[in-house]
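How does one get from a computed value to a word such as buried, bent or bridged? The turns below take such words one at a time.

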Amino acid sequence: MATFLYKLGRLCFRRRWWVVLLWVALLFGIGAGAASSSGAVAEDFALPGTESQEALDLMEEEFPEANADALESTVVFEVPEGQDIAGAQYAEAVRSVLAELESGDKVVGVTDPYADDNANVSEDGTIAYATVDYDAGFGDITDEMHEQLMAALETGRDAGMTVEAGGQVALGEEEMGSAAEMIGLGVALVVLFITFGSLIAAGLPVITAFIGVMAGTLGITALSTVFDLTETTGILASMIGLAVGIDYALFIVSRYRAELIEGHERDEAVGRAVGTAGSAVVFAGLTVVIALGGLAIVNVPLLTKMGLAAAATVALAVLIALTLVPAALALTGKRIFGRRVRQANPGTGVPTGLTKNGKENRGVRYARGILRRPALVLAVSIIGLGVLAAPVAGMELGLPDDGTQPEESTQRKAYDMLSEGFGPGFNGPLMLSLEAGDGTDLASAADTVSAELDGTEGIVGTAPAMFNSDGTMATVLVFPSTGPSDHDTADLVHHLRDVVVPGLESDTGTDILVTGAAAINIDFSQVMTDALVPYLALVVGLAFLLLILVFRSIVVPLKAALGFLLSVLAALGAVVAVFQWGWGAGLIGVEETGPIMSMMPIFMVGVIFGLAMDYEVFLVTRMREAHVHGEDAHQSVVTGFNLNARVVTAAAIIMISVFAGFAIPTDDSMVKMIGFGLAVAVLLDAFVVRMTIVPAVMGLIGERAWWLPKWIDRVMPNVDVEGDSLEKYLKANGKGRDAVKRDREPASVS
């Protein structure tokens, strides 16, 4: 592989303008597809194989007039204590608000809270609510719809009432991503400039990574209506694509500069950089793609689409690093080094001499410090990560709703007002679907079910049954006494499914399924939990085989996988401490704590496993390369840190900044939680696991780190990530390291 990539790098260097034009044409082609994409994107939140989804599918079939994807807003009215909202003064004001709501864009109906003997008015007469139905989905929300809803609320407030609204229209059309990307790119530029000392060298990885992200997000937009790819899918893909794109380009640019310092001509330096660092990029990218693509086995369409979209963006980042980066290096010429270097060496523009004052760089000193006390360093690191992981034991999973919105938001206020007026369970009612058997009187069966449920502990009441047009199916709303995220509500759902429903089915001759907000939450959490072990087995197993192929070792891949488990558990512990317990939540703009999103653990496992292997591959391949070229186990660790520690540090800081940049500015709870979790995970994995635990373990096990059973060595293909076969190829063609074209003293890249 290294030889092939060497030739590819030289080809892209020589045909630089063709490569640039090809990528520009591709970008314009994808952009044209994105511009022509039109239509609404459905919120495809499905849970195949669960009771909740079975009930929803059945209701969609039996109630075709109901649009499950249609938007709904709940407008809540409250008058001062002691006043009556049904009185003439307030009733007139409420109806004025309703009339204004009915005239809004895409509104198809507004319920009257005073209908059916004030059915939607609280017992104390102070709170009432109306439901606004829209002929629109989530992707159809416009600023005009939001503004019209807000204007109607103000009309009610002018009449002396408290009026709030819940639902997606009240939240409005969110603009996410651009500010976050700018924060990440800004930090990346600063870090790269400090690392390279050249604006051109700093800007090149950022520009090429940004091109990859543009191609990825435009592609997602172009396919959004075909595959129902939501805006959040594009944001997460751009978050991951930007981070890995900068890292991959950074490693190739760094290796290119090192090859120039060794005395190679520019085209030769590019070939060697792509052949060696590019090989590491390919395998690092493969681990990320495997981890993200493996999310498909969870069998949740939303998670599958997020994973595959992000995996495609990562694949684009790898292709750009192998093709566009070499072409861009050809265009930069001598400016890949800073002005001082070019002025000191005007002929070549390449620095000469050893490290400053002949001193060892920080990476070497750091590695040797760890190797002096490897057991102590290993013990302290593992204990520290264990402490951070402790909150995972108390993790509660759930799905976000209006109850997790900031306290000053209109959605949260409406949620609290409904809880006060109608009980906490009103915000998350359960729904039972009743399908009639042969000869069953469905109306009588529905009455029996309602009567039984009304007497069940934990239920405060039921709504009258709703029947389909041919009377073969009915739905019954059930209001728990506790909120949708409460443990007691989860216990109630299990009790209904396991105890109450089987008895009712036998008594009434109907098939009964339980769904609704709390039931969907429970089923989703169960799906995530059940899928975690198979997912880990698949992803870790495939990546383990891939890393055996890369490192030709059993111990190194095993160490990599165990280190990943430490970092991901510690990162999840930090997420629980901040988002569930509220420790330091205000520092990153978390205004309301609550359960951790059900998909968070498995999504973090997928993403972090791939990203963790990036640093493992980049750092340990240089150790492997030094070992293959004759250095002993301890010295190869020092050499790996000498050549790559500074670059890995810069790459990790950039990735942390990109993820943190997405986490802090946004109000979207899912994006904020994922961005924070990924940033903490990269911080711990790069600096504690890869740059501390890895050298400590390598120091303890010594030469045994590179042990591989002979029978595996014989049957396994040699992918040559360390460039050994490439060096033989170059020597055969008179281009070995002893035949550089300029007589130059080697210098440290750091």
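The questions and answers that follow concern this predicted model.

Q: What makes the protein as compact as a globular protein of its length?
A: The secondary structure comes to 26 helices and 11 strands. The radius of gyration is 30 Å, and the globule rule gives 27 Å for 750 residues; the two values are close, so the protein is as compact as a globular protein of that length. Along the principal axes, the C-alpha trace spans about 95 × 50 × 45 Å. Of the 750 residues, 56% are buried.

Q: Why is the contact between Arg 10 and Glu 268 called a salt bridge?
A: A salt bridge needs a side-chain nitrogen of Lys or Arg within 4 Å of a carboxyl oxygen of Asp or Glu. For Arg 10 and Glu 268 the N to O distance is 3.0 Å, so the pair meets the rule. In general, side chains of opposite charge can pair when their charged atoms come close. By the same rule the count comes to 13 salt bridges.

Q: What does the pair of Arg 10 and Glu 268 tie together?
A: Arg 10 lies in helix α1 (residues 2-14) and Glu 268 in helix α12 (residues 266-293), so the salt bridge ties together parts that are 258 residues apart in sequence. Both Arg 10 and Glu 268 are buried. They also belong to a network of salt bridges that links Arg 10, Asp 267, Glu 268 and Arg 272.

Q: Are Glu 164 and Arg 157 each buried or partly exposed, and how do you know?
A: The cut-off for buried is under 20% relative accessible area, and partly exposed runs from there to 50%. Glu 164 has 7%, so Glu 164 counts as buried. Arg 157 has 27%, so Arg 157 is partly exposed. Their side chains meet in a salt bridge, at 3.0 Å from N to O.

Q: How do you know where Asp 685 and Arg 690 stand, buried or exposed?
A: Asp 685 has 2% relative accessibility, which is under 20%, so Asp 685 is buried. Arg 690 has 1%, so Arg 690 is buried by that cut-off too. The closest N and O atoms of the two are 2.8 Å apart, and they form a salt bridge.

Q: What makes Phe 193 eligible for a nonpolar patch on the surface?
A: A patch residue needs over 30% relative accessible area and no salt bridge. Phe 193 has 38%, so the area condition is met. The patch consists of Val 190, Phe 193, Ile 194 and Leu 199, with about 420 Å² of accessible area together. Helix α8 (residues 178-196) gives the most to the patch, with three residues, and Phe 193 is found in α8.

Q: How do you know that the length of helix α13 agrees with its number of residues?
A: Helix α13 (residues 301-332) has 32 residues and, at 1.5 Å a residue, should span 46 Å; the end C-alpha atoms are 44 Å apart, which agrees. The helix α13 does bend, by about 40° at Ile 320. Most of α13 is covered, with 26 of its 32 residues buried. Just after α13, Gly 333 takes a positive phi of about 60°.

Q: Why is Lys 413 called partly exposed?
A: Lys 413 has 34% relative accessibility, which lies between 20% and 50%, so Lys 413 counts as partly exposed. Lys 413 is placed in helix α17 (residues 410-422).

Methods
Residues numbered from 1 in each chain as written. Predicted model: local features only at pLDDT ≥ 70, side-chain atom pairs only at ≥ 80, totals over all residues. Heavy atoms only, no water. Helix = DSSP H or I, 4+ residues; strand = E, 2+ residues; numbered from the N terminus. Buried < 20%, exposed > 50% of the residue type's maximum accessible area, 1.4 Å probe, protein only. Patch = residues over 30% accessible without salt bridge, like charges linked within 9 Å, V, L, I, M, F, W, Y side chains within 5 Å. Areas by Shrake-Rupley, 256 points an atom, 1.4 Å probe, with all protein chains shown as cover. Expected span 1.5 Å × (residues − 1). Bend = angle between axes of the 7 residues up to and from the residue. Rg over C-alpha atoms; globule rule 2.2 N^0.38 Å.
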